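Reader: I have a model open in my viewer and would like to talk it through with you. Could we start with the charged pairs and then move on to strands and helices?

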Amino acid sequence: MSEAVLKETVRQAMQQGGEHISFGWQGGEPTLMGYDFFHTAVQYQSRFGRPGQSVGNGLQTNGWLIDRYWAEFLSDAKFLVGLSLDGPEHIHDHYRRTMADQGTWERVVRSRDLLLQTGVEVNALIVVNDYSVQFAKEIYQFHKKSGLTYMQFIPCMEPDPMDESRPAAHSVPAEKYGAFLCTLLDLWLADFRYGKPTVSIRWFDSLFYTYVGLPAPECTLLEECGVYVVVEHNGDVYSCDFFVEPEWRLGNVMQHRLVDLLNSPLQERFGRLKSGLAEKCRACPWLQHCRGGCPKDRRVGRDGVDPLCPAYEKFFSYGHSKLLKLAEEWKREQAVQPAADGGRATASCGRNDPCPCGSGKKYKNCCMNKQ
């Protein structure tokens, strides 16, 4: 990405956005741009920001290039770092190898330790594939022991290059992923203290929102997509990082306004794709919690159903009562801690944020016009 595209992207986001702006820096491997690029980005955020406006930066990295200069910069600039570390050595190195077929685990672990020692906020990004799915407890305990208590488990689901209607061999099998999630849930619940989780698992955290009637922060659990846009290196803007395809090119940041692209008819159409569910999903008792999964995964199956659907059915059959109990406890606690406005919870929403009523729709398409 050129500095001109970087500058224009940051300028528009800061000037057209609301009180809080979030930038997610992904690649490929974003650290290949060098930390001077990100230092410049932070300077532009400060230059174009408005009084009272806050900004968050998230960087997703494989950790290969992280050194002390990187760590100190990320700490000073308060970046949240998602580090791709799949677990213990035999799990991580099963697929994450160099061109010379050498393992990468030792180097990534050194980067992890350096980031933590420097005070960087780090989340573990864990891809669950056909091998790692066997080791839920080992992975969880490995990260917990190392101090990475914020974990994001990402199921690997990719089409077979020879037959795109079926998952690739390295994708996680649905029947095993269901058992993986059930084990993970028990480990997570066992680490609650005084009714609160001591370990954050992003999918469980997001799922909990659906049990207390709030819109989930994770887009895969919303009724519709389209709550953010992606800016590519040349300034092209797309609906989603999983759909960087000609059909979903919204425009270019050098010729168009980001806020107009986010609210464009094409982006609205993209968002509605998620709510176009298969008959099985519409009749599913878990629909309000699952919302049919991510549209990119539905494209792998033959019938428009997420291939991991059996895994989620197994998980909800096992964990639904446990999550309901947690939700009931949370609601009781909220009832004895009334909001400052007299008990009515309020939220400050941007027009493209998920509506706080829990519908899963954007605020502008739901309660904004009912005020």
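Reader: How many salt bridges does a search of the whole structure find?

Author: Happy to help; a word on the ground rules comes before the count. This is a predicted model, in which local features need pLDDT of at least 70 and side-chain atom pairs count only at pLDDT 80 or more, while totals for chains, interfaces and linings use all residues. Residues are numbered from 1 along each chain as its sequence is written, and side-chain values use heavy atoms, with hydrogens and water left out. Taking a salt bridge as a side-chain nitrogen of Lys or Arg within 4 Å of a carboxyl oxygen of Asp or Glu, the search of the whole structure gives 15.

Reader: Which residue forms a salt bridge with Asp236, and which strand is that partner in?

Author: The closest N and O atoms of Asp236 and Arg249 are 3.0 Å apart, which makes the pair a salt bridge. Asp236 sits in strand β12 (residues 236-238), and the pair links distant parts of the chain, 13 residues apart. Strands here are DSSP runs of E with at least two residues, and helices are runs of H or I with at least four, numbered from the N terminus. The partner is Arg249, in strand β13 (residues 249-252).

Reader: Is Asp236 buried or exposed?

Author: Buried means under 20% relative accessible area, exposed over 50%, and partly exposed in between, using a 1.4 Å probe and protein chains only. Arg249, at 36%, is therefore partly exposed. Asp236 has a relative accessible area of 12%, so Asp236 is buried.

Reader: What is the order of the strands in the open sheet of three strands?

Author: Two strands count as paired if DSSP finds at least two bridges between them. β11 and β12 are joined by two bridges in the antiparallel sense, with Val231 opposite Val237 in β12. The edge strands, each pairing on one side only, are β11 (230-231) and β13. The order, with antiparallel pairing, is β11-β12-β13.

Reader: Why is strand β4 largely enclosed by the rest of the structure?

Author: β4 (residues 121-128) has parallel neighbours: strand β3 (residues 80-84) pairs with it over five bridges, and five bridges also join β4 to strand β5 (residues 150-155). Leu125 in β4 is the bridge partner of Ser84, while Ala124 stands opposite Met151 in β5. As for the enclosure, β4 is largely enclosed because its buried residues number six of the eight.

Reader: Which residues of helix α3 are buried, and how wide is the arc they fall within?

Author: In α3 (residues 68-76), the buried residues are Trp70, Ala71, Phe73 and Leu74. Seen down the axis of α3, these residues line one face of the helix, because they fall within an arc, taken from the directions from the helix axis to the C-beta atoms, of 165 degrees.

Reader: Which elements do the buried residues of α3 pack against?

Author: On the other side of α3, Tyr69 and Asp76 are exposed. With contact meaning heavy atoms within 4.5 Å, the buried residues of α3 pack against α2 (35-48), β2 (54-61), β3 and α5 (105-117).

Reader: Which residue caps the N-terminal end of α3?

Author: Look for a side-chain oxygen that lies 3.2 Å from the backbone nitrogen of Tyr69. The residue it belongs to is Asp67.

Technical notes. Polar contact = N/O pair within 3.5 Å; in protein donor to acceptor, adjacent residues only side chain to side chain.
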